[in-house]
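Open the model in your viewer and keep the sequence panel visible. The tour begins at the ligand and then moves to two helix contacts.

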Amino acid sequence: MLYMSFSEARESILNERLKRRREMAAIGVDETLIERMVDTFYDRVRADDHLGPIFSATIRDWPPHLAQMKRFWRSILLTTGEFHGSPVARHAALQPLTRSDFDHWLSLFAATLDDVATPPARDHILTRARSIAASLSQGIARARLQEN
Ligand code: HEM
């Protein structure tokens with residue numbers, strides 16, 4: 001079929017989302033896990049000697065950041081389409097982030113997933129996080145090149 005009507009397109013998107021949600025539920029990824037993952041991870045970030053100060057230099061009010069991160073992960077994992085942001089620009093505006101900052105972020109995130117997720121959910125989410133971290137750091141490098 002070449003053209004779809006608006007309602008057919010809408011139905012097809014909703015069906016895809018439903019399919020995705022079922023596939024994710026089958027490995028233990030759902031809204032409840034995302035809530036727990038984000039809350040636990042940023043509790044640990046705040047208490048972390050290395051990452052804590054980088055975050056607290058920018059984030060004064062945590063609840064809106066946590067809500068934004070939950071929208072982000074639901075969009076990534078459940079294709080809800082509810083995240084609207086500019087991650088590259090936001091991270092490029094922080095103190096220059098190094099490979100070791102990203103490695104540390106990822107190891108804290110992996111340790112959080114070990115504690116809150118089933119093994120298949122952990123593997124799936126970690127794979128997504130690693131690839132987002134890689135594209136984020138590339139995007140930051142590109143943004144900096146354009147500045148100079
Ligand atoms: C060294 C590693 C990282 C540090 C220090 C860091 C720090 C931050 C900070 C301080 C903010 C708030 C920025 C603002 O509101 O102006 C932020 C936002 C955000 N971070 Fe990170 N981050 C890191 C890595 C990551 C990774 C690996 C991901 C994804 C897997 C990620 C996803 C996001 C998203 C989605 C936002 C919201 C962006 C927006 O609202 O446009 N971050 N991060």
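This is a predicted model. Select the shell around the ligand: its residues divide into 14 nonpolar, six polar and two charged. In total, 22 residues surround the ligand. Label Gly-85, Asp-101, Trp-105, Ile-132 and Ala-133, which are the closest. Next, colour the elements that give two or more residues to this shell: α3 (51–56), α4 (62–78), α5 (87–92), α6 (99–116) and α7 (119–147). Of these, α7 gives the most, with four residues.

Now select helix α2, residues 31–47, together with α4. The two pack at an angle of about 135°, and their axes are 10 Å apart. Angles from 65 to 115 degrees count as roughly perpendicular and those over 145 as roughly antiparallel; α2 and α4 are therefore oblique to each other. Their crossing is right-handed. On the α2 side, show Glu-31, Ile-34, Glu-35, Val-38, Asp-39 and Tyr-42; in α4 they meet Leu-66, Met-69, Lys-70, Trp-73, Arg-74 and Leu-77. This contact has seven nonpolar residues, five charged and no polar ones.

Keep α2 and swap α4 for α6. Here too the angle is about 135°, with 10 Å between the axes of α2 and α6, so this pair is also oblique. α2 passes α6 in a right-handed crossing. From α2, display Leu-33, Arg-36, Met-37, Thr-40, Phe-41, Arg-44 and Val-45; from α6, display Leu-108, Phe-109, Thr-112, Leu-113, Asp-115 and Val-116. Coloured by class, the contact of α2 with α6 shows eight nonpolar, two polar and three charged residues.

How values were computed:
Residues are numbered from 1 along each chain as its sequence is written. This is a predicted model: local features need pLDDT of at least 70, side-chain atom pairs count only at pLDDT 80 or more; totals for chains, interfaces and linings use all residues. A residue is near a molecule or strand if its C-beta atom, placed from the backbone, lies within 6 Å of it. Ala, Val, Leu, Ile, Met, Phe, Trp, Tyr, Cys and Pro count as nonpolar, Asp, Glu, Lys and Arg as charged, and the others, Gly among them, as polar. Axes are lines fitted to C-alpha atoms, for helices over the stretch in contact, and angles run from 0 to 180 degrees between N-to-C directions. Angles under 35 degrees count as roughly parallel, over 145 as roughly antiparallel, 65 to 115 as roughly perpendicular and the rest as oblique. A crossing is left-handed if the near helix is turned anticlockwise from the far one by less than a right angle, and right-handed if clockwise. Two residues are in contact if their C-beta atoms, placed from the backbone, lie within 7 Å.
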